[in-house]
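Reader: Hey, got a minute to walk me through this one? I'd like to hear about the fold and the side chains.
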Amino acid sequence: MRATLLIPLAAVLATATAPISLAKEAVPAPTAPEATEATEVDYEGFEALTGEVALIREERLLSIEDFTARAAQPGTLVLDTRSAAAFARGHIEGAVNLPFSDFTEESLEKVIGANKGRAILIYCNNNFSDDVAPVMLKKAPLALNIPTFINLIGYGYSNVWELGDTVSLADVAWVSDEVDPLTAMVSRAPANEKAALAQ
């Protein structure tokens, strides 16, 4: 009798596990795109470009003194690739803004011009030690200077230079497009109240 119970039990167990193993086989394994398939995302190409750019970038890091001197030269562009909101809250005087996420052939040419040999200076949050808005520090390997440099070279701009120093906001000519609320209140106040508001 014990043997007769074991046979049906084994059959039930075999049937119960069959759908599980079939279900596992029914799920296709993920496959990488074939080499012949067109793709607009090329990680290997990015890795190769990064390797090429590393040697160029190493020779293009500027001290704050050299950065400031080059920025004053005619035709040089100081490019700020932070968000438009961060740029409006403050940036190096004379800089122009093109957020990194908006880089395309067309947008770069519109901001930089057709001359791909034009001198371009870049900087980012991590060039400033203050760690205050709008230049809060990012993780060092993720500083915006790195992908900005790689992308500009990748888009064919050959004369890119980067601020290599870490400085204070007080060390640069820093301007803001936003009006300080207290300054705005003082400028709108009647003459007899301006002195009191300014204190």
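Author: Sure, one term to begin with: a contact means heavy atoms within 4.5 Å. Residues 24 or more positions apart account for 69% of the chain's contacts with a separation of 6 or more.

Reader: And where do the coordinates come from?
Author: This is a predicted model, so local features need pLDDT of at least 70 and side-chain atom pairs count only at pLDDT 80 or more, while totals for chains, interfaces and linings use all residues. Residues are numbered from 1 along each chain as its sequence is written, and side-chain values use heavy atoms, with hydrogens and water left out.

Reader: What's the mean pLDDT of the chain?
Author: The mean is 82, and 71% of the residues reach 70 or more. For reference, pLDDT is the predictor's confidence in each residue, from 0 to 100. Over residues 181-189 it is below 50, and that stretch has nine contacts in the model beyond near neighbours in sequence. Residues 194-199 are also below 50, with eight contacts counted that way.

Reader: OK. How many helices and strands?
Author: Eight helices and seven strands. Those are DSSP runs, numbered from the N terminus: helices are H or I with at least four residues, strands are E with at least two.

Reader: How much of the chain is buried?
Author: 28% of the 199 residues. Buried means under 20% relative accessible area, exposed means over 50%, and partly exposed is in between, with a 1.4 Å probe and protein chains only. The chain exposes about 13,000 Å², and carbon and sulfur atoms supply 60% of that. Those accessible areas come from the Shrake-Rupley method with a 1.4 Å probe; for residues, only the protein chains shown count as cover.

Reader: Let's do strands. Which residues of β2 are buried on its two faces?
Author: β2 covers residues 77-80, with L77 and L79 buried on one side and V78 and D80 buried on the other.

Reader: And what does β2 pair with?
Author: It pairs with β5 in the parallel sense over four bridges, where L77 has I120 as its bridge partner. β2 also pairs with β4, residues 96-97, in the parallel sense over two bridges. In β4, N97 is the bridge partner of D80. Two strands count as paired if DSSP finds at least two bridges between them.

Reader: What does the N97 side chain reach?
Author: Two backbone oxygens come up: that of D80 at 2.9 Å and that of R82 at 3.0 Å. These are polar contacts, meaning pairs of N or O atoms within 3.5 Å; within protein, one must be able to donate a hydrogen and the other to accept it, and residues adjacent in sequence count only if both atoms are side-chain atoms. Leaving out residues up to four places away in sequence, N97 touches D80, T81, R82, S83, A84 and F87.

Reader: Switching to charges. How many salt bridges?
Author: Three, where a salt bridge is a side-chain nitrogen of Lys or Arg within 4 Å of a carboxyl oxygen of Asp or Glu. R82 and D80 form one at 2.8 Å, N to O, and both residues are buried.

Reader: What about K116, who's its partner?
Author: E105, with the closest N and O atoms 3.5 Å apart. K116 sits in the loop between α5 (105-112) and β5 (120-123) and E105 is in helix α5, so the pair ties together parts that are eleven residues apart in sequence. K116 is partly exposed at 30%, and E105 is partly exposed at 42%.

Reader: And the remaining pair?
Author: R57 and E162, 2.7 Å from N to O. R57 is in helix α2 (residues 43-58) and E162 in strand β6 (residues 160-163), so this bridge ties together parts 105 residues apart in sequence.

Reader: Is E162 buried or exposed?
Author: E162 is buried, at 3% relative accessible area, whereas R57 is partly exposed at 25%.

Reader: Last one: what surrounds T148?
Author: T148 lies in helix α6 (residues 145-154) and is buried, at 1% relative accessible area. Leaving aside neighbours within four places in sequence, T148 is in contact with T81, F100, F103 and I122. Its side chain makes a polar contact of 2.9 Å with the side chain of T81. A polar atom of the T148 side chain also lies 2.8 Å from the backbone oxygen of L144.
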